[in-house]
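Student: I would like to request a close look at a single part of this model, set in the context of the rest of the chain.

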Amino acid sequence: MNRRTILVLVGLAIADLFISVWVGQQAYHWMPPQASAESVLVDNLFSFMTTIGSFIFLGVVGALLYAILFQRAAKYDASDGPPIEGNIPLEVVWTAIPILLVIWIGTFSYQTYDRMSILGPMEHKAMGMSMAEAAPVVSPEAEQSPINVYARQWAWEFHYPAQNIRSTELHLPVNQRAKLLLSSEDVLHGFFVPAFRVKQDVVPGKEIGFEFTPIREGRYRLRDSEYSGTYFAANQTNVVVESAEDYEQWLTTVASLPPTPAQNVAYEEFNRTTTQNPIGLGWKTVKPAPAPIVNYASSEDDFHE
């Protein structure tokens, strides 16, 4: 391989790198708005992996196109290629590079998850890293009881134990660590807010501590990320992130409201379907749980995705 060929390959590799970095930066625009401190960390990881993936993809496709365009056998040439055997330095290189890449990606991923600390207080001893907060809090907050999150087929219910109020809409103060205690009353569910980039399976028979830090006021959507039965797609509700003053005002207002049945889209749809077809649905279907009794019910106003 002469010097000119080496310079061309180095130039192409540098061009590939610049294009890949640009693609990685564009990846930030492919996601919903960053509404939590964890979303910033996750998007950085996603951009990093997109950059590496783009670099490998462009390099492989470029090599294939070069071989197709300039290394084709002559027309009607059915002879065998040269009997080239293994090249030990080349084999060492193409074995070492993927190993180093996997270690790099794994290390970056672990560091991101360690900084998020979404499963409550944990001691991280691996790799000599200590637990880090996902983001600085605007003001130190007093120790507060976690919000109880109940998942069922197919509705969400949130219990604020300090005020003894229940809601089908999750309200959180901005720039304060949200502490949740997840539990399922029937099957496996998934707590997933795309704008927060956090997702946690809700396992029956277990109470799972879950934490994150909302950093952007607005109305977002909570979805059930696990297939939990026929109407699981209807298992959605709003998450409202608001100022500390508005949050306290909401708690005070809701505490004065009497408990009433909330809307359960799945339960209403099931009753409507069985009324129209009393003979049977034709397949085994779980009857949705009755509408929860809450002080405050979620509204279906406009929300951010």
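Over residues 45-69, what percentage of the chain is helix, what percentage is strand, and how far apart are the end C-alpha atoms? Please then go on to helix H4 and the unusual backbone sites.

Tutor: The model is a predicted one. Over residues 45-69 the chain is 100% helix and 0% strand, with the end C-alpha atoms 36 Å apart. According to UniProt, in an unreviewed entry, this stretch carries the feature "transmembrane region", as do residues 7-25 and 90-110. Residues 7-25 are likewise 100% helix and 0% strand, and there the end C-alpha atoms lie 27 Å apart.

Helix H4 comprises the 12 residues 244-255. From its first C-alpha to its last, H4 reaches 17 Å, close to the 16 Å expected at 1.5 Å a residue. Four residues of H4 are buried, namely Tyr-247, Trp-250, Leu-251 and Val-254. These residues lie on the same side of H4 because they cover an arc of only 100° around the axis. The face turned away from that buried side carries Glu-245 and Thr-252, both exposed. The cover over the buried residues of H4 includes several strands: S1 (147-152), S2 (155-160), S3 (165-167), S4 (170-173) and S10 (236-242).

Two of those strands, S1 and S2, also frame a backbone site, since the loop between them holds Trp-154. The peptide bond joining Gln-153 and Trp-154 is cis, with omega at about -5°. As background for this site and the two that follow, most peptide bonds are trans, and most residues other than glycine have a negative phi.

Ser-117 is not a glycine, yet its phi is positive, at about 50°. Ser-117 is found in the loop that runs between helix H3 (88-116) and S1. With a relative accessible area of 5%, Ser-117 falls under the 20% cut-off and is therefore buried.

Arg-197 is the other residue to consider here; its phi is about 60°, again positive although Arg-197 is not a glycine. The loop that contains Arg-197 lies between strand S6 (189-193) and strand S7 (198-202). The relative accessibility of Arg-197 is 11%, so Arg-197 too counts as buried.

To return to H4, its two faces can be read together: Tyr-247, Trp-250, Leu-251 and Val-254 are buried, whereas Glu-245 and Thr-252 are exposed on the face turned away from them.

Note on methods: Residues are numbered from 1 along each chain as its sequence is written. This is a predicted model: local features need pLDDT of at least 70, side-chain atom pairs count only at pLDDT 80 or more; totals for chains, interfaces and linings use all residues. Side-chain values use heavy atoms; hydrogens and water are left out. The expected span of a helix is 1.5 Å times one less than its number of residues. Buried means under 20% relative accessible area, exposed over 50%, partly exposed in between (1.4 Å probe, protein chains only). The arc is that of the directions from the helix axis to the C-beta atoms. Contact means heavy atoms within 4.5 Å. UniProt positions are given in the numbering used here, feature names are shortened, and annotations may be inferred rather than shown by experiment.
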